[in-house]
Amino acid sequence: MHSRVVKTVCPFCGVGCGMYLTSDGQGNVCGVAPEQDHPISLGKLCEKGWSSVYAISPDNRIHHPLKRKRDRFVTISWDQALAEISTFLQDILEESGPQAVGVISSARATNEDNYAAQKFARAVLKTNNVDHCARICHSPTVAGLKQVLGSGAMTNSTKDLFDTEVIVVFGADPTENHSVLGGQIIEAKLAGATLIVVDPRVTRLAKLADIHLQLKPGTNIALINALLHEIISNDWHDRDFIDNRCDGFYALKSNVEKITPESVAEITGVDGPLIRKAAERYSRANRAMILYGMGITQFVSGTNNVIALADLALICGHIGKPGTGINPLRGQNNVQGACDMGCLPNVYPGYQLADEADTQQRFAAAWGDDVATAPGLTSLGMTKAAQAGDFRAQILFGEDPVVTDPDQNHVRAAYKAMDLLVVAELTMTETAKLADYILPAASFAEKAGTFTNCERRVQRINPVIPPPGEAMGDWQWLQALAEAMGSRVLNWHSSEAVFDEMASLTPSYQGMNYQKLDRNHGLQWPCNANAPQGTAILHQQQFPIGRARLTPVHYVPIDEPADELFPLLLTTNRLHFHYGCGSMSRKSPLLERETPPGILFINPQDASALSIQLYGPVGVRSRRGYIETRAMITEDIQPGLVSMPYHFKEAPSNQLTNTAQDPVTKMPELKACAVAVIALPVDHIPSAVWQLKEEP
C-alpha cells in the first residue's frame, strides 16, 4: 500500500470546505490540508476540519457486525447478520405490515447512501417511514420556503457575502457552528457591510454588530411583523418587485397594520427605536441578505417563522439578485443532500410529493417494483408509535437520537420497546448501545460519493484509505440486506452508478455526473438542460410556483414558558469546538480539551440569586428530566435565560427539552423550555442520571 493524497470535502458542518487528506500507506490518515483554490473555503479550515483525522481514526471504531447477547455484544459474520436481520424484518412485515418498520438515514452520509436508504424503505420495505435529523433542524425551512417561494433551500451563494451592503444574521451563530463562513461575515463587516444580528444571546457576531436585536426566545414573528409594519408604513418596500413577482401584498399589509415596533417591545424585549433602525437599514439597502439558523426553525412556530422571514426579503425585493436572498445555514455536512434525496416521509428525491400517484408511478416504473403508498411517519412519529406498540423495527445509520432528539428518556424507552433495532455506525454511540445488531460503517475518508452543502453545491468525496475490518459504505450494506430479503431493486456496482440513477430521477440534479463535478469544484443545483453549469442564485427571473406567495402569519407564544416551579427558560446552543452528538469531534484531544464535558451558561444575576459559583456544580430539572453539570457565568445570557449545548452525553440537554411540535413539520421546540436550576455542594461531582442506570 502506497501513501497517497486525495481531494475531498470536510465532514463536519454544511459550509462544505475543500480539503486534502494524506494516507501513510498503512491504512491511516496522517495529514489534512485546506484546498487553496476552493470557491467557498478559500484555503481555510476551522478547528474541526483540521481535526478530522481524529474523527475517523481506528480508535474505538466498529470493525465487524455485532449481535446483542443479553447485556453484551458478540462478533458475527456479515452473512449471519444479514440473514437474521432479513428474517426479523420479513416476520414483522408479515405480522404487522410496512407501517411497523422504518428507516432513519443520516445527514452525515453521502447522497448515494441517502438515496439508497429511501429506496430501500419505499421499494423493499414498502413504507414511507423514512426520515433523518433535518426533522429536528431545518424541516420548517423546506416547508416554509417551498410554500412562499417554491423551493426550500438557500437562495444565494456564500460568495455573495462580499457583494452585499447589509448582512442580517437571524437566530444563528456562524462563528461557532459554521466557522469559516463566520469568518467571512466578519471580513465583510470589516470591509464596510452593515451587520445586524437577531439573537437572544450576545454571540461573537452580536458583539461586532452595528445593530443587535436581543429578542426573547420564540418572539421571532412578533419582531418580523413589526419590521414589516415599519417598512410598509414608511413606503420603503419595493413596489415594482411586489407588483411584478408577488401575490398577497395587501393581506400582508393589513395583517401588520397595527403591529408597531412599540406594540411588540414588551413581547420581544427589543426597544421600538432599535426595531425601526434595523427596518430602515435592511429595507433601504440596494443589496441585503438574510442568513438564519435553528433560532428560527426549532419552535412550535418554526414553519411560520421561516414564512415571515421570506415575506421580509420579498417585500424589499432582496431576492433573485447577487448579495441578497434568504439563506438557511445547514448544520451538518449533508443535511441539504439528505433532504434532496427524499429522506423525508412526504417526498421522494427532488421534493416530488410522495402522496401523488404520478410520483409513485414514475418511481415504480424506474425501479421496476411496487412502492409504498401509505403516508409515512416522521422520526418522532416512529418514536411515539414504538411506545404505543405500533412500530416494531427501525434501521438507523449515522445518527444518535438518544443524544440529539428531545426528551431523551422518552427516546430511550421507545428504542427499548422495539422488537428490532439495527444501527450502522463508526463507533459505539449511545443509540448503538441499545441496538440488537450493529453494523460497521465506512467513514467519509473510506468511500466515494457526494455531499451537498448549504449553498446547494454538490461536491465529490474520495477514499484515501480502505474501511477498517469489514466496514462498508451504507448503500453497500443496504443493497446486501435488500438481496438477503429477496429484492434486487438496489442493484449497483459503484457509488457512481447510484449517483447516475438518482440524477436521472431528480430534476435539479439531472445535468450532473461525477466528471462534471470534478471539473467544476462541484455544481449548485438546479443543474439541468436549462442550467448546464448549475445555478448560483435562485429565482432570478421567476419562482418555481410562478409568483411568490406573501403569507401573513401571527405570533404564537412558546409552548412552555417559565413559571413558579420552573422559573428559568432553557435554550440550546452549539460550541465552536464540538459537533452534533460529539461522536466525531470528541475523539480529538485538541478539541476535547477546549470545553469541559457539559456546561450551563447562566447570567450573573441568576447565579447570585441561586448561590451558584463559577464552574460550580448545578442540577437542572425540567418536566421531562434532570441532569447535572457545571455553571459558566456570563453576561452573554439575559437574566431569566440559561443555555446548554447538546454535544455532551455526560450532561445531555435533551433530557430536558420539550417535544411540543410545529403542526406543519412536527419540529420539536428545542429552543425553549422551562427549567429549575439549583446549586449543588461545591465538592459534588456532576453525573448524568442515565450513567447511573445499567448499560450494556
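**Close-up 1. Arginine 623 is partly exposed, with a relative accessible area of 42%.** This is a predicted model, and we start at a loop. Arginine 623 meets the side chain of glutamate 560 in a salt bridge, 3.5 Å from N to O. Glutamate 560 sits in the loop between strand E22 (548–549) and strand E23 (568–573), while arginine 623 sits in the loop between strand E25 (617–621) and strand E26 (626–633), so this pair ties together parts that are 63 residues apart in sequence. Unlike its partly exposed partner, glutamate 560 is buried, at 8% relative accessible area.

**Close-up 2. Zoom out a little from that pair, and a network of salt bridges links Glu560, Asp563, Arg623 and Arg624.** Why can such side chains pair up? Side chains of opposite charge can do so when their charged atoms come close. Across the model, the count comes to 30 salt bridges.

**Close-up 3. Here two helices are joined by a salt bridge between glutamate 230 and arginine 276.** The N-to-O distance for this pair is 2.6 Å. Glutamate 230 belongs to helix H9 (residues 220–233) and arginine 276 to helix H13 (residues 272–284), so the contact ties together parts that are 46 residues apart in sequence. How buried or exposed are the two partners? Glutamate 230 counts as buried, at 5% relative accessibility, and arginine 276 counts as partly exposed, at 30%.

**Close-up 4. Aspartate 199 and arginine 201 form a salt bridge of their own.** Their closest N and O atoms are 3.9 Å apart, which makes the cut-off worth knowing: a salt bridge needs these atoms within 4 Å. Both ends of this one are tucked away: aspartate 199 is buried, with a relative accessible area of 5%, and arginine 201 is buried too, with 16%.

**Close-up 5. Cysteine 343 has a cysteine neighbour, but its sulfur is too far away for a bond.** The closest cysteine sulfur belongs to cysteine 339, and it lies 8.5 Å from the sulfur of cysteine 343. A disulfide would need the two sulfur atoms within 2.5 Å, so this pair doesn't make one. As for its surroundings, cysteine 343 is buried, with a relative accessible area of 0%.

**Close-up 6. Cysteine 527 is another buried cysteine, at 0% relative accessibility.** Which cysteine has the sulfur closest to that of cysteine 527? It is cysteine 454, and at 18 Å that sulfur is too far for a bond. Searching the whole structure turns up zero disulfides.

Key:
Residues are numbered from 1 along each chain as its sequence is written. This is a predicted model: local features need pLDDT of at least 70, side-chain atom pairs count only at pLDDT 80 or more; totals for chains, interfaces and linings use all residues. Side-chain values use heavy atoms; hydrogens and water are left out. Buried means under 20% relative accessible area, exposed over 50%, partly exposed in between (1.4 Å probe, protein chains only). Helices (H or I, at least four residues) and strands (E, at least two) are DSSP runs, numbered from the N terminus.
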